Amino acid sequence: DAPAFFAHSGSISSVTLHQMNTLPHVFNATLADNANSYLYNLALHWFTGISGNGIGDYMLLSKIMAITTLIALFFLCRSFFGKSAFTSIAVLLLTVDIDFIGMSHEIRAYSMGMLFVTLAALFFFRYLSREEKPVDLLLTGLFSAAAILSHFLSLYIIVVFLVVLVVR
């Protein structure tokens, strides 16, 4: 609804955005966006309160999430491949992927969703491959819930975890 909301003004300043950056506005904006990415919107609200209100500050959260995703992927691949070159190759391939790079520069929840899905996969694999520790399953569930609250398309990956648990 931003075009209708700002119809009376010729431009939108950082001051205006800062004044609107309140929890009720975050919640209402999330609902207006089909309730997508509420966790990301909350994180962005708090993050810009710390980092600032410029366009670079808004983009920085996604970049931090993308870098953290690369680290999480490293540990996930290390669980699969050990210290082989495949771990480095997997991280390198994600690093140079044009979609990954693009998503890490957007003010959207894609990077956060990828981070939480990767962390959920890491703990899920640990749960399956080691002595089924309940803490690994709990962390899988928490990161899965965070992924779904970050981006609804994460649900498709989480369903695979559930199917594996049922079939296993």
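Helices (H or I, at least four residues) and strands (E, at least two) are taken here as DSSP runs, numbered from the N terminus. The model is predicted, with local features needing pLDDT of at least 70 and side-chain atom pairs counting only at pLDDT 80 or more, whereas totals for chains, interfaces and linings use all residues. Residues are numbered from 1 along each chain as its sequence is written, and side-chain values use heavy atoms, leaving out hydrogens and water.

The protein chain contains ten helices and zero strands. Of its 168 residues, 33% count as buried, that is, under 20% relative accessible area with a 1.4 Å probe and protein chains only, while exposed means over 50% and partly exposed lies in between.

The largest nonpolar core, a set of buried Ala, Val, Leu, Ile, Met, Phe, Trp, Tyr and Cys residues joined through side-chain atoms within 4.5 Å, has 31 residues, of which Tyr 40, Leu 61, Leu 73, Phe 116, Leu 119, Phe 143 and Phe 161 touch the most other members. Helices H4 (38–51), H5, H6, H8 (110–129), H9 (134–150) and H10 (155–167) each give two or more residues to this core, and H8 gives the most, with ten. Leaving aside residues up to four places away in sequence, Leu 61 touches Tyr 40, Ala 43, Leu 44 and Phe 47, where contact means heavy atoms within 4.5 Å.

In soluble globular proteins, nonpolar side chains tend to be buried together. On the surface, however, helix H6 (85–96) gives the most to a nonpolar patch, with five residues, and helix H5 (55–81) supplies at least two. Leu 93 is found in H6 and counts as exposed because its relative accessibility is 54%.
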